[in-house]
Amino acid sequence: MTDTPPAGKPLAGKIALVAGATRGAGRAIAVRLGAAGATVYVTGRTTRAQVSEVGRATETIEETAELVTAAGGEAIAVPTDHLEPEQVRALVGRIERDHSRLDILVNDIWGGNHLLDFNTKMWDVDLDRGLRMLELGAKSHIITSSIALPLLVREPGGLVIEVTDGTAETNKGFRENFYYDLAKNAPIRMAFILGEELKSVGCTAVAVTPGFIRSEEMLDIFGLTEVTWRDGIEKQPHWALSESPVYLGRGVAALASDPERARWNGQSLSSGALAKEYGVTDTDGSRPDVWAFMLQETAGAEPSLADYR
């Protein structure tokens with residue numbers, strides 16, 4: 001008998017929870033963790049029977065689970081509203097009963113794009129809309145971590161991934177909406193604080209962000225598909241550095257498979273940084289890094305888009 005994972009399955013035997021796996025980065029992360037051998041619980045509010053406030057019936061957690069299976073993994077879809085503590089307790093209780101462990105927690109809960117009022121002063125934003133963004137982007141992560149971490153810390157080596165928009169460095173700048181800024185900075189701070197608390201029990205917390213992600217929703221907004229996405233570059237030059245959700249999924253799976261991942265504890269990493277560290281690429285073989293490009297641009301330089309793809 002050996003505890004060595006089979007070739008190509010570095011996460012074999014690991015149990016992962018991807019909270020917010022209906023679409024976009026969460027879906028891609030779930031698929032790549034499953035492909036690497038983990039058993040993945042995928043959660044969200046949109047199922048084939050009901051649609052969340054996001055209003056997109058085109059992506060469901062059942063479909064995500066099927067994509068994990070198609071990639072050679074094992075997935076369990078559990079409808080969960082992560083703002084409802086009792087639902088999260090039931091979810092974690094199920095994982096505990098089935099496996100007595102949780103090795104990887106990915107907090108990718110959001111669903112607040114429909115609430116955004118960019119270029120609107122804080123006092124002109126509807127208060128209920130703003131507070132709902134904070135619930136979706138911060139409170140849901142707090143509830144999930146509070147309930148799931150007692151199971152994760154039973155064994156050393158546990159990993160918490162906080163998914164957000166932007167890195168600690170890029171988010172020092174103005175994010176154009178008071179509530180969005182707070183909602184997307186909160187997970188970065190959560191990863192730092194949890195990292196400080198988790199290191200004493202041999203566990204790790206990291207914040208990660210995609211770049212300009214070609215999620216299903218974003219492609220629809222541009223009127224494009226994953227095949228025709230380059231047609232949007234003329235309208236939005238930064239779109240040349242956009243990335244598929246698979247890019248971050250591959251980076252997170254590589255991070256989770258890294259036996260020395262504790263060196264990233266408390267840090268904030270982008271998909272581009274993960275790609276550089278672990279040698280992963282997007283589906284077209286490129287390594288886009290829009291955040292590094294934008295930092296140079298903000299500093300007054302004139303970087304070439306070609307140098308950041």
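Which elements do the buried residues of α2 pack against? I started my notes on this predicted model with that point. The partners I found are α1 (24-35), β2 (39-44) and β3 (74-79).

**Entry: helix α2**

I looked up which residues of α2, spanning residues 61-70, are buried, and noted I61, T64, A65 and V68. Viewed down the axis of α2, its buried residues fall within an arc of 100°, so they line one face of the helix. I then checked what follows α2 and found G72, which has a positive phi, near 95°.

**Entry: T22**

I placed T22 in the loop between β1 (15-19) and α1. Is T22 buried or exposed? I recorded a relative accessible area of 7% for T22, so this residue is buried, the cut-off being under 20%. Setting aside neighbours within four places in sequence, I listed the contacts of T22, among them I61 and T64. Both I61 and T64 are also among the buried residues of α2. Other contacts of T22 include R27, T43, G44, R45, T46, E59 and T60. I also took the C-alpha to C-alpha distance from T22 to A49, which is 14 Å, with their positions 27 residues apart in sequence. E59 came up again when I searched for salt bridges, as it is linked with R23, R56 and D220 in a network of them.

**Entry: strand β4**

I went through β4 (104-107) residue by residue. I104 and V106 point one way, L105 and N107 point the other way, and all are buried. Which strands does β4 pair with? I found that β1 and β4 run parallel and are joined by four bridges. In that pairing, L17 stands opposite L105. Four bridges also join β4 to β5 (residues 159-163), again in parallel. On the β5 side, I noted E162 as the bridge partner of N107.

**Entry: a nonpolar patch**

I looked at the surface next and found a nonpolar patch of about 440 Å², made by M122, W123, F178 and L182. W123 sits in the loop between β4 and α4 (127-152). I read a relative accessibility of 66% for W123, which therefore counts as exposed.

**Entry: salt bridges**

How many salt bridges does a search of the whole structure find? I got 21, and I looked at some of them singly.

E86 pairs with R89, their closest N and O atoms being 2.6 Å apart. I found both in helix α3 (residues 85-99), three residues apart, about one turn of the helix. E86 is exposed at 56% relative accessible area, whereas R89 is partly exposed at 45%.

K199 pairs with E196, with 3.3 Å between the closest N and O atoms. I noted K199 as partly exposed at 48% and E196 as partly exposed at 41%.

D284 pairs with R309 at 3.2 Å between the closest N and O atoms. D284 lies in the loop between α8 (271-278) and α9 and R309 in the segment after α9, so this pair ties together parts that are 25 residues apart in sequence. D284 is partly exposed, with 35% relative accessibility.

**Entry: R309**

I stayed with R309, which is found after α9 (290-298). R309 has a relative accessible area of 27% and is partly exposed. Not counting residues up to four places away in sequence, I found that R309 touches several residues, including R214, W229, A240, L241, S242 and D282. Between R309 and S242 I noted a C-alpha separation of 8.9 Å, although they are 67 residues apart along the chain.

Methods:
Residues are numbered from 1 along each chain as its sequence is written. This is a predicted model: local features need pLDDT of at least 70, side-chain atom pairs count only at pLDDT 80 or more; totals for chains, interfaces and linings use all residues. Side-chain values use heavy atoms; hydrogens and water are left out. Buried means under 20% relative accessible area, exposed over 50%, partly exposed in between (1.4 Å probe, protein chains only). Helices (H or I, at least four residues) and strands (E, at least two) are DSSP runs, numbered from the N terminus. The arc is that of the directions from the helix axis to the C-beta atoms. Contact means heavy atoms within 4.5 Å. Patches are made of residues with over 30% relative accessible area and no salt bridge: like charges are joined within 9 Å, nonpolar side chains (Val, Leu, Ile, Met, Phe, Trp, Tyr) within 5 Å. Accessible areas come from the Shrake-Rupley method with a 1.4 Å probe; for residues, only the protein chains shown count as cover. A salt bridge is a side-chain nitrogen of Lys or Arg within 4 Å of a carboxyl oxygen of Asp or Glu. Two strands pair if DSSP finds at least two bridges between them.
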